[in-house]
Amino acid sequence: MSRLVIVSNRVANPERGQASGGLAVSILDALRKHGGMWFGWNGEIVADEADITLTRAAHDHCTLMTMPLTERDYREYYLGFSNEVLWPVHHYRLDLAHFTLEAAEGYRRVNARFAEKLSEIVNRSDLIWVHDYHLIPLGADLRARGVGNEIGFFLHIPFPPPEVLSATPEHEWLMSSLLDYDLVGFQTTTDQANFCRFICESMAGEMTAPDTLRVAGKCLRVSVFPVGIDVDSFVAMAQSSEADNRLQRSRREAEPGCSVIGVDRLDYSKGLPEKFRAFGRLLEMCPDGCKPASLIQIASPTRDDLEPYIDIRRQLEALSGAINGHYGDFDWTPLRYIHRAVGRETLAGLYRASRIGLVTPLRDGMNLVAKEYVAAQDEADPGVLVLSRFAGAAEDLQEALIVNPYDIDEVAHAMRRAIEMTKQERVERHQALMGRLRQHDACNWMLGFLAALSSCRQQLADDMGARRARRRNANQRRGPLAAFSGYASASNSKGKLIAGTKFGGGTRSSS
Ligand code: GDG
């Protein structure tokens, strides 16, 4: 079996229980199952490029190869281009994107450095799996250094429509560098379709099969791999003694009404102000003195040196203060907003203790919290997931109450419906959702991606062979004159395949 080499911007410590980020959680699950090497940034900052060296650390399931960034790299590559340009654009927030040439240069520089260091340590038979938007050009940089391995790329965040993407300076360079991967994976069919549309419309690419793109003389596979969680481990965690302690404490200290839980990194894509407003609307909808629900919102800190994150934090403090001031009572704090990370077992206990899981991002690649909430429920008396239609998870988790997070009234009504839902309906919905979780779990995500990556070169070669054979047969059927007059396939400027285009002359209709 080939060794798996995972590359991501940040490498998490497998021994620390507080990996508050979906990418780290999903990679740790993958490495636990498969083993291999994880390569990337160790989270440290050094003064000078000369101080950057690779460090090796062995853990149970994997080897970590990590290095620091310089202060300038952190500012330009990480904060600047990755999180002030790519993150907002991919979450459809052009209004928050802030482009500078220095940041773009920093992004190129760090990707080239990752490629240089990685090319020195990979073996020819390694499968290389690159993760997320920080490292889009890494495949092309590795190719430039002669790395001929199979290299796959998975995008954890959404891929926006071409009309949005094209507002990113450098987007053509970025997209053409994706073409050096053998396989590009997305979370949902919408993301895949947006990418293919961009390549076909703007780069004269063509789809030669539903998941195969040919462009600029290159062929690559483009598929959907919805990221999932390790369902059994999460179920076990939700029943562990630590989670149970949390559950018992939650019951003892329960605020009045139905318990609602939200768990998100404190990011503007997660729709937290809208969520707080919807919760406020639910309280407003109820008659005076009624205490229908209490919300606990864990909002773990993230990128808190960027202005939009500071701004969202201020908004949440103001909103939670206003809601508690207006509705709170001597025995009731309707909204408990906790701005710090908590342990995973505690999270699992909180999910289990809550009647409603409120997951309402404005845009999200997948959203693992939605899946964790479902997995943590007591199957005999489960809670209800209220889920944004703009989370990738909504493509699959149809038995949740699906809402438009921008529509405050709709979200408030969905909460009321969840509060009033019969046990039988809750159980039926939960069973269906568990089936979906198991179908798209962490293991299937990883194995699906790796199987596609290790077979895609052969498959692409087979597809090309089959296409050539089909064309030969078609020419033979048309007879010697057709072959003589040089009929072939070609692409028009929109990238659509036009069969039967005649070189150097008029065009005949396709056969
Ligand atoms: C990106 C994409 C995609 C959160 N707070 C705490 C904590 N967490 C854990 C959750 C969950 C993970 O972090 C968050 O995952 P999400 O998927 O919800 O969101 P992102 O971090 O934005 O992840 C996303 C994901 O990558 C995977 O592809 O689904 O769309 O944006 O596991 O439980 N964990 C702990 N303490 C916290 O306070 N321990």
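**Around the ligand and beyond**

In this predicted model, Arg265 stands opposite Ser300, a residue of strand 12. This pair offers a convenient point of entry, since it belongs to a strand pairing that can be followed towards the ligand. Strand 11 and strand 12 run parallel to each other and are paired over eight bridges. Strand 12 is largely enclosed by the rest of the structure, because eight of its eight residues are buried. The burial concerns both of its faces: Ala293, Leu295, Gln297 and Ala299 lie on one side, while Ser294, Ile296, Ile298 and Ser300 lie on the other. In a regular strand, side chains alternate between the two faces of the sheet.

Ser300 also leads to the ligand. An N or O atom in the side chain of Ser300 is 3.2 Å from a nitrogen atom of the ligand. Two further side chains approach oxygen atoms of the ligand: an N or O atom of Asp364 is 2.5 Å from one such atom, and a polar side-chain atom of Arg344 lies 3.4 Å from an oxygen atom. The protein covers 98% of the 730 Å² of accessible area that the ligand has on its own.

Which residues come nearest to the ligand? Of the 30 residues around the ligand, these are His156, Val342, Asp364, Leu368 and Glu372. By character, the shell divides into 14 nonpolar, eleven polar and five charged residues. Several elements supply at least two shell residues each, namely helix 1 (22–34), strand 11 (258–265), strand 12 (293–300), helix 12 (344–353) and helix 13 (368–376). At the level of domains, both domain 1 (4–224) and domain 2 (231–438) give residues to the shell, so the ligand lies between them.

Helix 13 deserves separate attention. Nine of the nine residues of helix 13 are buried, so this helix is largely enclosed by the rest of the structure. Among its buried residues are Leu368 and Glu372, both of which belong to the group that comes nearest to the ligand. The buried set also includes Lys371 and Tyr373. An α-helix has 3.6 residues a turn, so residues three or four places apart point the same way. At the start of helix 13, a side-chain oxygen of Asn367 reaches to within 3.0 Å of the backbone nitrogen of Val369.

The loops that adjoin strands 11 and 12 are linked by a side-chain contact. Asp267 lies in the loop between strand 11 and helix 10 (272–285), and Arg303 lies in the loop between strand 12 and helix 11 (307–327). The side chains of Asp267 and Arg303 are joined by a polar contact of 3.4 Å. Asp267 makes another polar contact, of 3.2 Å, with the side chain of Trp87. Are these two loop residues buried or exposed? Asp267 counts as buried because its relative accessibility is 0%. Arg303 is buried as well, with a relative accessible area of 11%. The backbone of Arg303 has a phi near 40°, a positive value in a residue other than glycine.

A positive phi is also found at Ala216, where the angle is near 50°. Ala216 is located in the loop between strand 9 (212–215) and strand 10 (218–224). Here the accessibility is 67%, so Ala216 counts as exposed.

Another parallel pairing joins strand 5 (residues 127–131) to strand 6 by four bridges. Within this pairing, His131 has Phe154 of strand 6 as its bridge partner. Strand 6 (residues 151–154) directs Ile151 and Phe153 one way and Gly152 and Phe154 the other way, and all are buried.

Finally, two pairs of residues illustrate how separation along the chain relates to separation in space. Gly448, in helix 16 (residues 442–478), is 223 residues from Phe225 along the chain, yet their C-alpha atoms are separated by 7.1 Å. With a relative accessibility of 27%, Gly448 counts as partly exposed. Ala112, in helix 3 (residues 101–121), is 274 residues from Val386 in sequence, and the two lie 42 Å apart, C-alpha to C-alpha. Ala112 is partly exposed, with a relative accessible area of 21%.

Methods. Residues numbered from 1 in each chain as written. Predicted model: local features only at pLDDT ≥ 70, side-chain atom pairs only at ≥ 80, totals over all residues. Heavy atoms only, no water. Near = heavy atom within 4 Å. Polar contact = N/O pair within 3.5 Å; in protein donor to acceptor, adjacent residues only side chain to side chain. Areas by Shrake-Rupley, 256 points an atom, 1.4 Å probe, with all protein chains shown as cover. Nonpolar A, V, L, I, M, F, W, Y, C, P; charged D, E, K, R; others polar. Domains from an automatic or database assignment. Buried < 20%, exposed > 50% of the residue type's maximum accessible area, 1.4 Å probe, protein only. Pairing = 2+ DSSP bridges.
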